[in-house]
Amino acid sequence: FTGEKENDEWSYKFSLDHDLSAKTKAWISWSLAYRLPSANDVISSDPTFPGNPALVPVQSRTFEAGIRTRPSRLLDGSLTYYYSQVEDDIYSEPGAPSFGGANNADVLRQGIELSLKSRTTKKLSLHFNAAFADAQFDGGTRDGNRLTMVPEWQLSSGISLRPNANWTLALNNVYVGGQVRFFDVGNTLSQNVYNVMNAKLSYRW
């Protein structure tokens, strides 16, 4: 590929916030965003990940609504719903030359995200996050198939303990479920399900 590629795109966001009470706020927003194809997407010479000079920018229109609250000093949290129509999203199908490697396809994404935090004392804090995502092709030969590497469920929790001003012990757990495998755009393989636990001990002076 030789020559130039040039695109002009708009990106903007409208949002409205409303205080339901002194401790609770709700919001809604609508946005238009775009992403240009990367150099690898366009001109990659790797036979496993062939580039496609004909790729066009990705555009997404996203609606979001949520609520954030802090009912007490011990707890604060938020709940968010989003719905996104993505035009010309970029995906790859290695080993399928007829698809040209990198391609554009329309996608629908929607999901719910929950976040909870608690600082019970100056020495102890807790957190829990949960996210559900439904991301699938919208139209074409892959209509209704779920996107690869997008977990259907992702749960994380953790605890942080500071016995004094110098030491911190943190324990975190992450669960991922319903994740379509890398490049399994046909959704024919079993899905990824795994759990990761992390521990961290730090000292500051």
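Where does T62 lie? In this predicted model, T62 lies in strand 3, which covers residues 58–72. Let's hold on to that residue for a moment and then zoom out.

T62 has a relative accessible area of 17%, and because the cut-off for buried is under 20%, T62 counts as buried. Its side chain makes a polar contact with the side chain of S84, at 2.9 Å. If you skip the neighbours within four places in sequence, the residues in contact with T62 are S29, W30, S31, Y83 and S84. Keep S84 in mind, as that name comes back below.

Now for the whole chain. The secondary structure adds up to one helix and nine strands. Going along the sequence, you read β-β-α-β-β-β-β-β-β-β, so to speak a strand pattern with the helix sitting after the second β. The C-alpha atoms fill a box of roughly 60 × 40 × 35 Å along the principal axes. How does the radius of gyration look against that of a compact globule of 205 residues? The chain has 21 Å, whereas such a globule would be near 17 Å. Of the 205 residues, 29% count as buried. The accessible surface comes to about 13,300 Å², and carbon and sulfur atoms own 55% of that. On the contact side, take the pairs that are at least 6 apart in sequence: 54% of those contacts join residues at least 24 apart.

Next, the strand pairing further along the chain. Strand 6 (residues 124–137) and strand 7 (residues 153–161) run antiparallel and are joined by nine bridges. If you want a place to start looking, L124 stands opposite L161 in strand 7. Strand 7 also pairs with strand 8 (residues 167–179), again in the antiparallel sense and over nine bridges. Here G158 has N172 in strand 8 as its bridge partner. What joins strand 7 to strand 8? The connection is a hairpin through five residues.

What about the inside? In soluble globular proteins, nonpolar side chains tend to be buried together. In this model, the largest nonpolar core has 14 residues, and Y91, V107, F137, L147 and V150 are the ones with the most contacts inside it. Strand 4 (75–92), strand 5 (102–118) and strand 6 each give two or more residues to this core. Strand 4 supplies the largest share, with four residues.

V107 is a handy place from which to look around. Leaving out the neighbours within four places in sequence, V107 is in contact with S84, Q85, V86, D89, Q136, F137, D138 and L147. That list includes S84, the partner of T62 in the polar contact described above. It also includes F137 and L147, two of the residues with the most contacts inside the core.

Staying with strand 4, have a look at D88, which has its place there. Is D88 buried or partly exposed? With a relative accessibility of 26%, D88 counts as partly exposed. Not counting residues up to four places away, D88 touches V56, P57, V58, N104, A105 and D106. For a sense of scale, the C-alpha atoms of D88 and T168 are separated by 46 Å, with their positions 80 residues apart along the chain.

The backbone of D88 deserves a check too. Most residues other than glycine have a negative phi. Phi of D88, though, is near 65 degrees, a positive value in a residue other than glycine. F183 is another such case: its phi is positive, at about 70 degrees, although F183 is not a glycine. F183 has its place in the loop between strand 8 and strand 9 (192–203). At 27% relative accessibility, F183 counts as partly exposed.

One last stop is L55, in the loop between helix 1 (39–43) and strand 3. Why does L55 count as buried? Its relative accessible area is 3%, and buried means under 20%. The C-alpha atoms of L55 and Y83 are separated by 24 Å, and the two residues are 28 apart along the chain. Y83, in turn, is among the contacts of T62, which brings us back to the residue in strand 3 where we began.

Notes: Residues are numbered from 1 along each chain as its sequence is written. Side-chain values use heavy atoms; hydrogens and water are left out. Two strands pair if DSSP finds at least two bridges between them. A nonpolar core is a set of buried Ala, Val, Leu, Ile, Met, Phe, Trp, Tyr and Cys residues joined through side-chain atoms within 4.5 Å. Buried means under 20% relative accessible area, exposed over 50%, partly exposed in between (1.4 Å probe, protein chains only). Contact means heavy atoms within 4.5 Å. The radius of gyration is taken over C-alpha atoms; the globule rule is 2.2 Å times the number of residues to the power 0.38. Accessible areas come from the Shrake-Rupley method with a 1.4 Å probe; for residues, only the protein chains shown count as cover. A polar contact is a pair of N or O atoms within 3.5 Å; within protein, one must be able to donate a hydrogen and the other to accept it, and residues adjacent in sequence count only if both atoms are side-chain atoms.
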